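Please read the points below with the model open beside you, and look for each stretch as it comes up.

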Amino acid sequence: MTNTSETQAVPQLELESVIGFSGHVISGLRVHPDREYLIYPLGSAVILKRIKDGKQEFLHGHTNNVSCISVSKGGVYIASGQVNFKGFKATVIIWDYAKRTIYAQVLLHQAKVEALAFSPNDKYLVSLGGQDDGSIIVWNIETKKAVCGSPASAHSAGHCLTVQYSNTNDNIFVSAGSGTLRVWELDLPNRKIRPTECQTGKLKRIVKCIEISEDDKFIFCGTTSGDIMKVNLKTGLLSECGPTKTKYNLGVNVLRVLKSGDLLVGSGSGTFTLCSSTNFKTLKKVELDKAVTSIAIRGEGQQFFVGTSAAQMFRFSYDEFKAELISTGHNSAVKDVAICFGTSELFGTCSEEDIRLWHIDKPKELLRITVPNMTCNSLDFMADGHSIISAWNDGKIRVFAPESGRLMLTIDNAHRMGVTAIAGTKDCKRIVSGGGSGQVRVWKLQPPGHQLLETMKEHKATVTCIKIKSDDKECVTASADGACIIWDLVRFASLQMVIASTMFRTVCYHPEEYQLITGGTDRKVAYWDVYDGSAIRELDGSQAGAINGMDITQDGKHFVTGGDDKLVKVWDYLEGTVTHVGIAHSGSITSIKVCSNNRTLVSTSADGAILRWRFPHPASS
């Protein structure tokens with residue numbers, strides 16, 4: 001997972017909660033047969049979340065993003081597959097649910113595991129490789145070995161996309177995909193799996209999902225064309241196809257058969273319906289805002305959970321059929337996090353298309369500010385808490401009201417190659433911004449407008465971080481060109497420059513403001529003297545990968561770092577040693593902040609996750 005020598009001797013941070021869900025994984029959200037836990041992927045981790053109180057546990061073991069999840073019928077095992085780089089093999093992990101440990105790890109597929117299914121008596125697991133692999137393998141769960149394998153589809157057919165096991169027979173499963181639908185039979189004595197092609201006549205369809213009726217009579221296939229094929233499992237013949245008139249927009253992503261025989265259907269446009277399994281007539285319908293990717297039935301089907309590609313989860317009851325939003329998250333990399341100064345109750349995060357405000361105690365989304373097709377690179381709360389300033393890749397600075405999300409001010413063409421860093425002065429009258437071309441600009445806020453005070457050009461590359469001194473008279477900017485520059489904000493001139501052979505990603509003033517600490521791609525944490533720019537000391541910040549985020553406590557005794565090694569580290573400032581390590585992120589850490597009362601630490605990562613930790617050093621009064 002990570003270099004263990006780094007993390008063994010050091011106490012671990014206590015994780016309080018996690019916001020995030022990889023909503024793009026088809027059928028990634030599951031309910032365990034014990035009805036107590038939701039199971040879902042987040043980056044390369046599998047999360048178990050207790051439904052009654054939201055308590056979370058993690059299964060760590062994958063080296064890259066989880067691509068599929070399956071839970072055995074009896075609930076003894078969970079299986080998860082991952083993606084990997086082209087030319088490398090992708091792992092399937094079988095987890096022991098009761099012990100929360102790895103039961104078996106199997107490696108045969110190239111580059112991606114597309115789908116997994118357990119046999120009804122937990123005897124076998126069938127796995128399907130992605131399009132670079134194209135094979136189906138049956139694993140014996142008891143011996144942890146492969147029984148046999150076969151190419152998933154005939155040469156004339158397209159890629160296979162999904163597999164599903166029979167509900168009664170350990171030797172029969174079904175696979176489907178682009179122009180292929182096959183019923184397989186396992187011949188154990190000869191270690192072979194033999195396919196029978198299903199005949200769909202003139203219908204040419206790409207099947208995205210399959211469900212098999214409880215009595216194993218019919219296979220229901222959801223297609224990219226937005227209809228459902230009903231195929232007889234014994235004869236392999238098409239029995240019917242529907243709905244004939246109004247098809248599901250953007251295809252059928254997920255299907256589930258209820259005990260009553262009716263179907264739950266989720267479409268690519270966000271339509272979620274209950275429909276009859278005989279004529280596919282819609283009985284109940286709800287529109288959700290993004291593609292439905294998972295439907296998980298709890299118990300007998302009185303309650304079900306629905307996941308969407310926007311990383312949202314909804315709860316439904318069968319009777320009411322109304323969507324109750326139970327969790328939200330970012331569906332792309334989180335770029336930055338900022339904690340509201342003074343109150344420490346609010347924090348904001350930004351990513352592609354949106355800024356979100358969260359309540360720190362119960363990680364609940366309070367507000368979402370969306371700017372379509374744009375990416376927010378950085379954000380900050382003004383010290384009085386009356387506005388959020390944000391830096392966007394379209395070259396604009398946008399200022400929003402934190403209560404309503406109303407756009408209060410836009411500064412157009414603030415920087416040529418996008419605005420990449422931003423900070424506000426303590427008196428709330430000025431903004432300092434940095435851009436992709438290395439310029440640093442100072443803006444005066446004059447409600448209702450603004451005025452450019454000065455442009456300072458010394459950096460040769462992207463400005464990555466800006467921090468302003470508490471008296472608003474100086475600021476420091478870090479850049480990918482290997483320099484940090486301290487600027488005079490009264491005369492608008494550079495006072496001092498520190499240079500290292502690294503791309504600086506982050507910089508912090510020590511609260512007493514006579515020293516700086518920096519982090520970047522050379523994996524070092526460096527201390528610098530503010531007055532003469534000399535290096536005071538250098539620490540090895542991580543054993544692998546850049547340091548992307550850093551923050552220092554208000555008493556100056558500790559600082560925190562996070563980066564590509566996925567570890568959150570708490571450091572003693574004077575000793576220069578790591579006091580605590582947080583292990584839970586499954587993507588590179590993009591930013592990290594400590595709240596002003598030293599109670600909470602928030603870190604964000606490239607897989608869209610936001611993690612909240614208990615800060616281990618309470619403020620000394």
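1. In an unreviewed UniProt entry, the annotation "repeat: WD" is listed for residues 106-149, 412-446, 456-489, 506-538, 540-581 and 582-621. Since the structure shown is a predicted model, the record and the coordinates are best read side by side. Over residues 106-149 the chain is 0% helix and 64% strand, with its end C-alpha atoms 13 Å apart, while over residues 412-446 the chain is 0% helix and 57% strand, with end C-alpha atoms 15 Å apart.

2. The unreviewed entry in UniProt also lists residues 55-312 under "domain: EML-like first beta-propeller". Over residues 55-312 the model has 0% helix and 55% strand, and the C-alpha atoms at the two ends are separated by 18 Å.

3. A useful place to study a single strand in detail is S3, which covers residues 37-42 and has six of its six residues buried. In a regular strand, side chains alternate between the two faces of the sheet. What lies on each side of S3, and are these residues buried or exposed? Tyr-37, Ile-39 and Pro-41 are on one side, Leu-38, Tyr-40 and Leu-42 are on the other, and all of them are buried, with the result that both faces of S3 are covered.

4. The pairing of S3 can be followed towards strand S2, residues 30-31, with which S3 pairs in the antiparallel sense over two bridges. Within this pairing, Arg-30 stands opposite Ile-39 of S3. The hairpin formed by S2 and S3 has five residues between the strands, and in this hairpin Arg-35 adopts a positive phi near 65 degrees.

5. S3 also pairs with strand S4, residues 45-50, again in the antiparallel sense, and here over six bridges. Tyr-37, one of the buried residues of S3, has Arg-50 in S4 as its bridge partner. Two residues lie between the strands in the hairpin of S3 and S4, where Gly-43 takes a positive phi near 60 degrees.

6. Another hairpin worth examining lies further along the chain, where strand S34 (residues 397-400) and strand S35 (residues 407-411) run antiparallel and are joined by four bridges. Phe-400 has Leu-407 in S35 as its bridge partner. Which residue in the hairpin of S34 and S35 takes a positive phi? That residue is Gly-405, with a phi near 80 degrees, in a hairpin that has six residues between the strands.

Methods: Residues numbered from 1 in each chain as written. Predicted model: local features only at pLDDT ≥ 70, side-chain atom pairs only at ≥ 80, totals over all residues. Heavy atoms only, no water. UniProt positions renumbered as here; feature names shortened; annotations may be inferred. Pairing = 2+ DSSP bridges. Buried < 20%, exposed > 50% of the residue type's maximum accessible area, 1.4 Å probe, protein only.
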